[in-house]
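These notebook entries record what I looked up in one structure. I took the cores, the internal spaces, the cysteines and a few single residues in turn.

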Amino acid sequence: MSQLICWLLVGLAHLVPALALVRPALITRLYGVAPDSALFLLMHHRAALFFAVLVACVWAAFDPGGRKIATMLAAISMLSFLFLYQSYGRPAQLTTIALVDLIGLVPLAWAGRHAFQQ
């Protein structure tokens, strides 16, 4: 049961950015990127990648066979953002995203530890 909850929490951390795939207006609200910007396309594609991580986490919640790859995908997503966030001087407008990723590392570590022990 704890694994199920942990995976769903990690998936939840990726839900809002993934929703931008089907609700592109979220891109402007979340990141301040105007729809007429070329960067908007890149951010829209980024939402698809977040959707892939979300699907992997939900899959891992119910199928132990997918937990190792889901651990790797979520860890790459979250740790790379935190590293880049720190490297760029911790921009204030991205602090909430950094906090969500930082908090999300706790259930990811728990679930990932169990995934690689099996």
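The entries below follow the order in which I consulted the model, which is a predicted one.

**Entry 1. Nonpolar cores**

I began with the largest nonpolar core, which has 14 residues. I looked up the members that touch the most other members, and these are Trp-7, Val-10, Cys-57, Ala-70, Ala-74, Met-78 and Leu-108. I then asked which helices supply at least two residues each to this core. They are α1 (2-19), α3, α4 (67-87) and α5 (95-117). The largest share belongs to α3, with five residues.

I also recorded a second core, separate from the one above and made of seven residues. Leu-26, Ile-27, Phe-40 and Ala-47 are among them.

**Entry 2. The cavity**

How many cavities of 30 Å³ or more does the structure hold? I found one. The volume of the largest cavity is about 30 Å³. I listed its lining as Pro-17, Ala-20, Ile-27, Tyr-31, Met-43, Arg-46, Ala-47 and Phe-50. By class, I have seven nonpolar residues, no polar residue and one charged residue in this lining. Both α2 (25-31) and α3 (38-62) supply at least two lining residues. The largest share, four residues, is from α3.

I note that Ile-27 and Ala-47 belong to the second core and also line the cavity.

**Entry 3. The largest pocket**

I turned next to the largest pocket and noted about 590 Å³ of space in it. Its lining has 25 residues, and those closest to the pocket centre are Arg-46, Phe-50, Phe-81, Ile-97 and Asp-101. Which elements give two or more residues to this lining? I recorded α1, α2, α3, α4 and α5. The classes in the lining are 20 nonpolar, three polar and two charged.

Arg-46 and Phe-50 appear here beside the pocket centre list and again in the lining of the cavity.

**Entry 4. The second largest pocket**

For the second largest pocket I have a volume of about 150 Å³. The residues that line it are Tyr-31, Val-33, Leu-39, Leu-42, Met-43, His-45, Arg-46 and Leu-49. Six of these residues come from α3, the largest share. I divided the lining by class into six nonpolar residues, one polar and one charged.

Tyr-31, Met-43 and Arg-46 line this pocket, and I had already entered these residues in the lining of the cavity.

**Entry 5. Phe-50**

I looked up Phe-50 on its own, given its place in the lists above. Phe-50 is located in helix α3. Is Phe-50 buried or exposed? Its relative accessible area is 13%, so I entered Phe-50 as buried. Beyond residues up to four places away in sequence, Phe-50 touches His-14, Pro-17, Ala-18 and Ser-77. I also took one distance: Phe-50 and Leu-19 are 31 residues apart in sequence, and their C-alpha atoms are 8.6 Å apart in space.

**Entry 6. Cysteines**

I searched for disulfides and found zero. Why does Cys-6 form no such bond? The closest cysteine sulfur to that of Cys-6 is in Cys-57, and because the separation is 11 Å, it is too far for a bond. From the side of Cys-57, I read the nearest cysteine sulfur as that of Cys-6, and Cys-57 is in no disulfide.

Cys-6 is buried, at a relative accessible area of 10%. Cys-57 also counts as buried, with 0% relative accessibility. Apart from neighbours within four places in sequence, I found Cys-57 in contact with Trp-7, Val-10, Gly-11, Ala-70 and Ala-74. Of these contacts, I had met Trp-7, Val-10, Ala-70 and Ala-74 in the largest core, beside Cys-57 itself.

**Entry 7. Thr-71 and Arg-23**

Thr-71 is placed in helix α4. I entered Thr-71 as buried because its relative accessible area is 9%. Leaving out neighbours within four places in sequence, its contacts are Trp-7, Leu-108, Gly-112, Ala-115 and Phe-116. Trp-7 and Leu-108 are also members of the largest core.

My final lookup was Arg-23, in the loop between α1 and α2. With a relative accessible area of 52%, Arg-23 is exposed. Arg-23 and Leu-82 are 59 residues apart in sequence, with 25 Å from C-alpha to C-alpha.

Definitions and conventions
Residues are numbered from 1 along each chain as its sequence is written. This is a predicted model: local features need pLDDT of at least 70, side-chain atom pairs count only at pLDDT 80 or more; totals for chains, interfaces and linings use all residues. Side-chain values use heavy atoms; hydrogens and water are left out. On a 1 Å grid over the protein atoms alone, a cavity is a set of points where a 1.4 Å probe fits but cannot get out, and a pocket is an open set with protein on both sides within 12 Å along at least five of seven lines; lining residues have an atom within 4 Å of a point. Grid points are joined across faces, edges and corners, and a volume is the space filled by probe spheres set on the points. Ala, Val, Leu, Ile, Met, Phe, Trp, Tyr, Cys and Pro count as nonpolar, Asp, Glu, Lys and Arg as charged, and the others, Gly among them, as polar. A nonpolar core is a set of buried Ala, Val, Leu, Ile, Met, Phe, Trp, Tyr and Cys residues joined through side-chain atoms within 4.5 Å. Buried means under 20% relative accessible area, exposed over 50%, partly exposed in between (1.4 Å probe, protein chains only). Contact means heavy atoms within 4.5 Å. A disulfide is a pair of cysteine sulfur atoms within 2.5 Å.
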